[in-house]
Amino acid sequence: MSNAEVAERVGVETEWIERKTQIRSRRYAAPDEATSDLAARAAAEALDLAGVAAEDVDYLIVSTSTGDSPQPPTACLVQDLLGAGRAACFDINVVCSGFVYALALARALVAQRPESLALVVAADLYSRCLDFSDRRTAVLLGDAAGAALVGRTGDGYEFVDFELASRGDAQRLIRVDAGGSRLPASAETLARGDHLFRMDGRGVRDFVMENFPPFARRLADRTGIPLSEVRHFVPHQPNGVLLSQLVEASGLAHAHTHRTLERYGNTGSASVAVTLDDAARAGHLRPGDLVMLGSFGGGMSMAAAYLRWGAAA
């Protein structure tokens, strides 16, 4: 979906979208596709690249805030599509921070059973809950999925450490109000648009700029590895203007900040997974490089991780 297509639907100039967000295009799933469909395709490709059969997966974690339905877990639908019959399946919803949270969970599960394999999938279809009368959000978001296989590889890949945090006092900044137990879906909620995505853009920007830089330094201080050693920064992709400001404020201007938002927009939980995959496929990540993942999103939540990149695949 080009800016021209979205601009016509939202009622803004094409130039306004790129100037405000630096996004040039985004992808929308086909009408007959759901989150599980995108998740299963990303998962299948990750398994194929790793040379691992679906039936060898022990844990299947799907990070999404746009699941196929309130229940069953979207992970169970992905399991069925993949044929991963042995896997224990569950979803997590930490909105845009979910992929990094899911990696932390996968690491803990594999550490408990070193022979096990965990498949982590991050997928969101925000095109299904956009309010196209709200130009501030409708121009940002797209659909995507990304996946990673977590296990003991023995070839130099390493999770160094994670930092996770939540701020429930800021939970109103990003939300979908209706469809749960507090505000069940009804004709009234539908008429009010309570089932649509809402975001206080200015509030989110202020939250991220105030909270993420010291949060990133917490990971550096606790591990004893200064941010100056980070070679690659793979962040959530909110919009280009905010991301550029955040990199500078976090002391990461020296690192190679990987960006995919120009092509894919803000893809929620999938954004870090997609961007990490993009960096790897482009050959930017070299053995021994210190990679930092950073994300923030609804809740409000934040996540950061240090990865040590291993041998080339």
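**View 1. What packs over the buried residues of helix α4 in this predicted model.** Have a look at what surrounds the buried residues of α4: the cover includes helix α3 (35-50) along with the strands β1 (59-63), β2 (88-92) and β3 (118-125). So which residues are they covering? Helix α4 runs over residues 74-82, and its buried residues are Thr74, Ala75, Val78, Gln79 and Leu82. These five sit on the same side of α4, because they cover an arc of only 145° around the axis. The spacing fits a general rule: an α-helix has 3.6 residues a turn, so residues three or four places apart point the same way.

**View 2. Gly83, just after α4.** Step just past the end of helix α4 and you reach Gly83. Its phi is positive here, at about 80°.

**View 3. Helices α1 and α2 crossing.** Here we zoom in on α1 (residues 3-10) and α2 (residues 14-21), whose axes come within 8 Å and cross at roughly 110°. That angle makes α1 roughly perpendicular to α2. Which residues make the contact? From α1 it's Asn3, Ala4, Val6 and Ala7, and from α2 it's Thr14, Ile17 and Glu18. Sorted by type, the contact has four nonpolar residues, two polar and one charged.

**View 4. The stretch from 221 to 309.** An unreviewed UniProt entry labels residues 221-309 as the domain "Beta-ketoacyl-[acyl-carrier-protein] synthase III C-terminal". In the model, that stretch is 33% helix and 25% strand. Check its two ends as well: their C-alpha atoms are 20 Å apart.

Terms used: Residues are numbered from 1 along each chain as its sequence is written. This is a predicted model: local features need pLDDT of at least 70, side-chain atom pairs count only at pLDDT 80 or more; totals for chains, interfaces and linings use all residues. Side-chain values use heavy atoms; hydrogens and water are left out. Axes are lines fitted to C-alpha atoms, for helices over the stretch in contact, and angles run from 0 to 180 degrees between N-to-C directions. Helices (H or I, at least four residues) and strands (E, at least two) are DSSP runs, numbered from the N terminus. Angles under 35 degrees count as roughly parallel, over 145 as roughly antiparallel, 65 to 115 as roughly perpendicular and the rest as oblique. Contact means heavy atoms within 4.5 Å. Ala, Val, Leu, Ile, Met, Phe, Trp, Tyr, Cys and Pro count as nonpolar, Asp, Glu, Lys and Arg as charged, and the others, Gly among them, as polar. UniProt positions are given in the numbering used here, feature names are shortened, and annotations may be inferred rather than shown by experiment. Buried means under 20% relative accessible area, exposed over 50%, partly exposed in between (1.4 Å probe, protein chains only). The arc is that of the directions from the helix axis to the C-beta atoms.
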